[in-house]
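Good morning, and thank you for making the time. I would ask you to bring up the sequence and the coordinates, and I shall then go through the pairings, the burial and the charged contacts in turn.

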Amino acid sequence: MKRAISFFLAVMMVFTLVPFVSAASPSFVDVPRNHWAYKAITDMAERGIIVGYDDKRFRPNNLVTRAEFAKIMIAAADVDIDRRNVSQTFQDVPKSHWAFYYVESAKPYLTGYKSGSKYTYKPNEAAVREDIAVAMVRLLGYDKSVKADLNVLKRFRDDDRISPNLRSYVAIAIQKDLMQGSDNRFRPLDAITRAEAASLLHRALIERKNNDESKVVFPNPTPTPEKPELPATVTDNFSNTELKNWKTDSATGTWGVINKQVTAIELDEDIEHYFLPLNWKESTEPEKYELIVDVIPSGTNGYGGVFFNGVKDKTNVVYVQKDRVILGKVTDVEDDDVDVIASGNYKLKATNRLKVVVNGTTVSIYMNDQFLFSQKQVKQEGTKLGLYLKAEATKDAPRKMTYLDNFTFKAFE
């Protein structure tokens, strides 16, 4: 239970900065159109790099911690987090820390602290202006293409406060007009606010976009590759907490492994459906495949299973509940309703082994290795598939939750 509580406390901290589902047209009550950073904040929010809070506020004057800054840089640099074989660099950011993977993945853009042979990151301290200078210069690759002119630092009365190892980065940031000072001061150790972070990184992203164009030579046409083999069977008993078989970055809901079983929660109360996509060769588009998973309710009425035929925001789902198994369609993750296609009577048990066999346009449902029902004319519209939970499955977490275990995916020739 302690592991469950720590997992969800970590999730709650993560969602204060960057959610998994962002608003299409962000509008913040505390950032009017005449705010000096309105354009940058709006654009960065639309990109999902820095977002607001549940009360529709952005809180532009709030300071950004170094841990939060690492997560912002992951979004700004469009880095895909690889949770495999990641070792700990900083003594004060262990794997149990909510920002561990963000800090490790964003290291090329961050600053750290070294004492002897040991490194620390100081995740709870505020990010400062010289930190963002390093991030912007490295994000744009100027540290490799621009020679630093340290003389530009002499224009600032506080240039002696710039950390020695960061002086060249600050100089390049000034040379390229990415950052400026005021009143003849650069203020390298001043904490940055959310508005300043949005404005400065917005400027860097525009600069990067403008630098993207280059003249190229087109390669000779290559033969169309043969259709790849059907994917091998994928199994997962969730003994590995890194969820390496799954596309966690494109999941809806925050998924995690607790006691070798997987589940999910979502702090955004508008989200009603949680999806964890499987990482498989979708391009093979098999005619027939099956999905198997154990649905384990712990004080709940189930509401867990699988999804398939996923395309964009629409997908078919099969899930177990108190007295029925439902085959339906979800068209909006924020809409609690499921368009029921078919269902079968079933009494929920302590462990419920669900098998879904998709064969062309026919879907067959099995429970505990016994055939329950089938439905024809279920069109195969998309190739995304994986695990599914309704919001009801974990609304009383961590005391009452539904878990999923012993997953198998198999495609047939």
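I begin with a single bridge pair: Thr254 has Ile265 of strand β5 as its bridge partner. Before going on, I should state that this is a predicted model, in which local features need pLDDT of at least 70, side-chain atom pairs count only at pLDDT 80 or more, and totals for chains, interfaces and linings use all residues. Residues are numbered from 1 along each chain as its sequence is written, and side-chain values use heavy atoms, with hydrogens and water left out.

The pair just named belongs to two strands, β4 (residues 254-258) and β5, which pair in the antiparallel sense over 5 bridges. Strands here are DSSP runs of E of at least two residues, helices are runs of H or I of at least four residues, and both are numbered from the N terminus. Two strands pair if DSSP finds at least two bridges between them. The hairpin formed by β4 and β5 has 2 residues between the strands, and Asn259 in the turn takes a positive phi of about 50°.

How many residues of strand β5 are buried? Of the 5 residues of β5 (residues 261-265), 5 are buried, so the strand is largely enclosed by the rest of the structure. Buried means under 20% relative accessible area, exposed means over 50%, and partly exposed lies in between, with a 1.4 Å probe and protein chains only. On one side of β5 the buried residues are Gln261, Thr263 and Ile265, and on the other they are Val262 and Ala264.

A second hairpin is found further along. Strands β13 (residues 362-367) and β14 (residues 370-375) run antiparallel and are joined by 5 bridges, with Tyr366 standing opposite Phe371 in β14. This hairpin has 2 residues between its strands, and Asn368 takes a positive phi near 55°.

Positive phi values also occur in loops. Lys122, in the loop between β2 (118-120) and α5 (129-139), has a phi near 55°. Lys122 counts as partly exposed because its relative accessibility is 31%. Tyr303, in the loop between β7 (288-298) and β8 (304-311), has a positive phi of about 65° although it is not a glycine.

For the chain as a whole, the secondary structure comes to 8 helices and 16 strands. Of its 413 residues, 49% count as buried. Contact means heavy atoms within 4.5 Å; among contacts between residues at least 6 apart in sequence, 69% join residues at least 24 apart.

Pro277 provides a local example of such packing. This residue lies in strand β6 (residues 273-277) and is buried, at 10% relative accessibility. Leaving aside residues up to four places away in sequence, Pro277 touches Trp246, Lys247, Ser250, Ala251, Phe307 and Leu385. The C-alpha atoms of Pro277 and Asp249 are 9.3 Å apart, with their positions 28 residues apart along the chain.

Asp249 leads us to the charged pairs. Side chains of opposite charge can pair when their charged atoms come close. A salt bridge is a side-chain nitrogen of Lys or Arg within 4 Å of a carboxyl oxygen of Asp or Glu, and by this rule the count comes to 14. In one of them, Asp249 meets Arg83 at 3.8 Å, N to O. This pair links distant parts of the chain, 166 residues apart: Asp249 is in the loop between β3 (234-236) and β4, and Arg83 in the loop between α3 and α4 (100-105).

Another salt bridge joins Lys390 and Asp336, whose closest N and O atoms are 3.9 Å apart. Lys390 lies in strand β15 (residues 384-390) and Asp336 in the loop between β10 (324-330) and β11 (339-345), so the pair ties together parts that are 54 residues apart in sequence. Lys390 is buried, at 7% relative accessible area, whereas Asp336 is partly exposed at 32%. There is also a network of salt bridges linking Asp55, Arg57 and Arg59.

I close with a charged residue that lacks such a partner. Glu68, in helix α3 (residues 66-76), is buried yet has no salt bridge, and the nearest side chain of opposite charge, Arg194, is 6.1 Å away. Lys and Arg count as positive and Asp and Glu as negative, while His and the chain ends are not counted. A polar atom of the Glu68 side chain does lie 3.0 Å from the backbone nitrogen of Thr65.

How values were computed: A polar contact is a pair of N or O atoms within 3.5 Å; within protein, one must be able to donate a hydrogen and the other to accept it, and residues adjacent in sequence count only if both atoms are side-chain atoms.
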